[in-house]
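Hi,

Here is the model I promised to pass on. Have a look at it first, and then read on for what turned up.

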Protein chains: 2
Amino acid sequence: MTDHVDNDGAASPKLGFRPLYQQVRDMFVRRLVDGRWTPGQALPSEMELAAEIGVSQGTVRKALDALAAENLVVRRQGRGTFVAEHDEARILFQFFKLAPDDGERAFPESRVIHIARGAATPEEGARLALKRRAQVIRIDRVRLLGGRPAISERVTLPAALFPGLDAREVPNNLYGLYAAGYGVTVANARERLKAVGLPPEQAAHLDVAPGAPALLIDRLAIALDGSPVEWRVSYCLTDGFHYASDLR
Amino acid sequence: MTDHVDNDGAASPKLGFRPLYQQVRDMFVRRLVDGRWTPGQALPSEMELAAEIGVSQGTVRKALDALAAENLVVRRQGRGTFVAEHDEARILFQFFKLAPDDGERAFPESRVIHIARGAATPEEGARLALKRRAQVIRIDRVRLLGGRPAISERVTLPAALFPGLDAREVPNNLYGLYAAGYGVTVANARERLKAVGLPPEQAAHLDVAPGAPALLIDRLAIALDGSPVEWRVSYCLTDGFHYASDLR
DNA sequence: TAGTGGTCTAGACCACGCA
DNA sequence: GCGTGGTCTAGACCACTAA
């Protein structure tokens, strides 16, 4: 066992104090990162984990509650604690904020326009924290909402993380593929929104006039270990749809 | 004392079970709503509250932690628990999502264009859940970011909630005024974003050409008791700025 | 009925802010 | 030094699920 929790001894002088339950949380995240715990799997019970690690059940509980708050695990009373999956329902509510003005949210269809790999541009390298001259995979696709083309986007990925992705069938649910196919779990994302005039290329894909107002969404997706794993730039038409944001 | 916590007895049959700490949380929210606890005030210590209510300190703690997670109270180790205030810093990070593309976030200046009261339109009535022919106050203003006009917005309020607001000086920080002047605390807000072409009136206020792409933010602000208290429609220019959204 | 997570309690000790 | 919230533990009981 390479995991360990240690809050006593000379290693905990004055600064650098970290609560036990957070150390336990970090240990659990490590198990998720290195694939010891995989999506959908049932974790051992709180009691078993507590006995294994050598802390109280309450401390394990605080650690698991923290992971549940980050949507990394799902707790179900009477059944157990499970590693979260990137199924469509989760994506739809956690990462896809575009909803119809009235009516139910629905998962968009996708149409891949182009997929290729090449050397990262300076901007791509900067956003994805890549070494000079690293390879990236670029996916251009159009997504349909309610049957109409509404999103034109480019997804840029570090090729090193996703070997062979450019040569395979690309499913609708990319984050599910990252997890199931490459062991890469997207933990969170930062989005920056702007209103812009639609560039000619995107306008053609969406079948509207160039210069039409579009919502530009620039998203950087972050993996469990904190590293950026996807840069996505989406142009969205917003008549009949809106981007929903809840401020608490 | 009208507050009470009761989880035994015939009132708790099979359904309708509600954890004690949530009942305590609700009791605390009631105290915030009715003004027994006011912004900035220090709450009694956990021990005192536990003794007063007749539950354990741990249960009070869970209730207060829940309120802290909702940004309704602020907990400071060694000092105490305080009712949250709508100071500029809180607004800036919790409710104002527009940030410069590079550089520090800053609070925008405001210039009131017009303020008046009148009968609610059907749409205003629907959004604010008003009775037919209720009065509303409308505030039109322009907000400046980095010295440049960047936001043109209309704020619509139920006149009954804010008597005399249309006749007084309107400060930059509206939510602070609602709280300090009228005992109305904005607890959260729902925003819907679209990209639109700027209407002529807003274009004139912002000194750009009509039809220029703008970010339309439609915000409904919700009070502590769950009722809508403000409807705000903002047209934002987004060159040099973006709307930041973190997905977790 | 057995096992899981959820709630509630009680008490000890720690880190922090302040007088 | 004192009082605050923060952490950690231990144990009891409850609600839910599945066999």
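Before the contacts, one cut-off: a residue is near a molecule or strand if one of its heavy atoms lies within 4 Å of it. Also keep in mind that this is a predicted model.

Let's start with DNA strand C. There are 19 residues around DNA strand C, and the ones that come nearest are Arg61(A), Gln77(A), Leu20(B), Thr59(B) and Gln77(B). On the DNA side, 77% of the atoms of DNA strand C that come within 4 Å of the protein belong to sugar and phosphate.

A few polar contacts are worth pulling up in your viewer. For a base, go to Gly78(A): one of its backbone N or O atoms sits 3.0 Å from a base nitrogen of DNA strand C. For the phosphates, look at chain B. A polar backbone atom of Tyr21(B) is 2.9 Å from a phosphate oxygen of DNA strand C, and Ser56(B) puts a polar side-chain atom 3.0 Å from a phosphate oxygen of DNA strand C. As for elements, those that give two or more residues to this surface are strand 1 (73-76) and strand 2 (80-83) of chain A, along with helix 1 (20-33) and helix 3 (57-69) of chain B. Sorted by class, the surface near DNA strand C has 9 polar, 6 charged and 4 nonpolar residues.

Now for DNA strand D. Which residues are the closest to DNA strand D? They are Leu20(A), Thr59(A), Gln77(A), Arg61(B) and Gln77(B), out of 20 residues that surround DNA strand D. Of the atoms of DNA strand D that come within 4 Å of the protein, sugar and phosphate account for 77%.

The phosphate contacts here involve both chains. From chain A, a polar side-chain atom of Ser56(A) lies 3.1 Å from a phosphate oxygen of DNA strand D. From chain B, a polar backbone atom of Glu46(B) is 3.2 Å from a phosphate oxygen of DNA strand D, while the side chain of Thr81(B) has an N or O atom 3.4 Å from a phosphate oxygen of DNA strand D. Two or more residues of this surface come from each of helix 1 (20-33) and helix 3 (57-69) of chain A and strand 1 (73-76) and strand 2 (80-83) of chain B. The class split near DNA strand D is 9 polar, 7 charged and 4 nonpolar residues.

That leaves the protein-protein contact. Chain A and chain B each put 31 residues into it. About 2,500 Å² is buried between chain B and chain A, and carbon and sulfur atoms give 53% of that area.

How many salt bridges does the rule find across the interface of chain B and chain A? It finds 2. In one salt bridge, the side chains of Asp101(B) and Lys194(A) meet at 2.8 Å, N to O. The same interface has 24 residue pairs in polar contact, with both residues at pLDDT 80 or more. On the side of chain B that touches chain A, strand 7 (186-197), strand 8 (213-223) and strand 10 (241-247) of chain B each supply at least two residues. Strand 7 of chain B gives the largest share of that side, 11 residues. By class, that side of chain B has 13 nonpolar, 10 charged and 8 polar residues.

Strands also pair across the two chains: strand 7 (residues 186-197) of chain A runs antiparallel to strand 10 of chain B, and 5 bridges join them. To find the spot, look for Glu191(A), which stands opposite Ser245(B) in strand 10 of chain B.

Cheers

Technical notes
Residues numbered from 1 in each chain as written. Chains lettered and ligands numbered in written order. Predicted model: local features only at pLDDT ≥ 70, side-chain atom pairs only at ≥ 80, totals over all residues. Heavy atoms only, no water. Polar contact = N/O pair within 3.5 Å; in protein donor to acceptor, adjacent residues only side chain to side chain. Helix = DSSP H or I, 4+ residues; strand = E, 2+ residues; numbered from the N terminus. Nonpolar A, V, L, I, M, F, W, Y, C, P; charged D, E, K, R; others polar. Contact = heavy atoms within 4.5 Å. Buried area = accessible area lost by both parts, 1.4 Å probe. Salt bridge = Lys/Arg side-chain N within 4 Å of Asp/Glu carboxyl O. Pairing = 2+ DSSP bridges.
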